[in-house]
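Here is a short tour of one protein model, taken a region at a time. Keep the picture open as you read.

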Amino acid sequence: MWLETERLHLRDFVAGDWPDVYAYSSDPDVVRYLPFGPSSVEQTKEHIARCIALARAHPRHVYDMAVVLRAEQRVIGSCTLALLEYEPRHATFAYLFHRAYWGHGYATEAMRALFTYGFETLGLHRIADTCDARNIASVRVMEKLGMRREAHYRETIWDGTAWHDEYGYAILAHEWRARGQHNVHTGVRQGINDSQ
Ligand SMILES: CC(C)(COP(=O)(O)OP(=O)(O)OC[C@H]1O[C@@H](n2cnc3c(N)ncnc32)[C@H](O)[C@@H]1OP(=O)(O)O)[C@@H](O)C(=O)NCCC(=O)NCCS
């Protein structure tokens, strides 16, 4: 599967992506609020191998996409849509980007395309997830996507020294359409092949 936006190309991972992925998955600043990492070379290669296997599953539940900056033909991050096994009209999501590319709207642009694909092509009803309440950039991305803060979980994350809060964010298909976000990306081209 692939999606194309104004500046980005979202495609399935290939084994040769590991150096680009390692460049951000090994960065402690990138994984600060994530439940894994920093990753080693071996862990990065294993992760990519898992993504490739999940992309080949039928039916497919996990869309873990490499985000290529078209101008540089480099993988600068990844974004994920994961359909729940017991209710595949519900999905969770994730995103992480190389630190050098933060603050350019890339995460929002990539997730807009992936949410549009989820709602319009996969027929999702609801996309929701939680994030560390200290993760201001992630909160901001979710708000730019038009997601609602549905929950504030008190002291759910233990970081080894202290407890931290989490927010729950969600958006429904009709809310997405009401915001006209599917129209924002009518320019998104999509395909089913792994390659362009
Ligand atoms: C979260 C992340 C993906 C955002 O990527 P990005 O491409 O920089 O996101 P965008 O540029 O689309 O939007 C980021 C927004 O956060 C804002 N922001 C970032 N840091 C901020 C801060 N410390 N205080 C206030 N706003 C901040 C930016 O200004 C921007 O908002 P704006 O467009 O209104 O100016 C990136 O920071 C990242 O990879 N973080 C590490 C991984 C991670 O935490 N993933 C999420 C797990 S829940």
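## Around the ligand

How many residues surround the ligand, and which are the closest? Keep in mind that this is a predicted model. The count is 20, and the closest are Ala 107, Thr 108, Cys 131, Ala 137 and Arg 140.

So what kind of residues are they? Sorted by class, the shell around the ligand holds 13 nonpolar residues, six polar ones and one charged one. Three elements each supply at least two residues of that shell: strand S5 (90–97), helix H3 (106–121) and helix H4 (136–144). H4 gives the most, with five residues.

## The nonpolar core

Now look for the largest nonpolar core, which has 43 residues. Leu 10, Val 67, Ala 110, Met 111 and Leu 114 are the ones with the most contacts inside it. H3 gives the most to this core, with nine residues.

Try clicking on Leu 10. Setting aside residues up to four places away in sequence, Leu 10 touches Trp 2, Leu 3, Met 65, Val 67, Ala 110, Ala 113 and Leu 114.

## Strands side by side

Next up are the strands, starting with S4 (residues 74–83). How much of S4 is buried? Seven of its 10 residues are, which makes the strand mostly covered.

S4 pairs with strand S3 (residues 62–69) in the antiparallel sense, over eight bridges. One bridge to find here links Val 68 with its partner in S4, Val 75. The hairpin of S3 and S4 has four residues between the strands, and in it Gln 73 takes a positive phi near 50°.

S4 also pairs with S5, again in the antiparallel sense, over seven bridges. Here Thr 80 has Ala 94 as its bridge partner in S5. The hairpin that joins S4 to S5 runs through six residues.

## A closer look at His 125

Last stop: His 125, which you'll find in the loop between H3 and strand S6 (126–132). Why does His 125 count as partly exposed? Because it has 14 C-beta neighbours inside 10 Å, while a buried residue would need 20 or more and an exposed one would have 12 or fewer.

What does His 125 touch, leaving aside neighbours within four places in sequence? Its contacts are Arg 89, His 90, Leu 172 and Ala 173. There is also a second histidine to look at: His 174 is 49 residues away from His 125 in sequence, yet the two are 8.1 Å apart in space, C-alpha to C-alpha.

Definitions and conventions: Residues numbered from 1 in each chain as written. Predicted model: local features only at pLDDT ≥ 70, side-chain atom pairs only at ≥ 80, totals over all residues. Near = placed C-beta within 6 Å. Nonpolar A, V, L, I, M, F, W, Y, C, P; charged D, E, K, R; others polar. Core = buried A, V, L, I, M, F, W, Y, C linked by C-beta atoms within 7 Å. Contact = placed C-beta atoms within 7 Å. Pairing = 2+ DSSP bridges.
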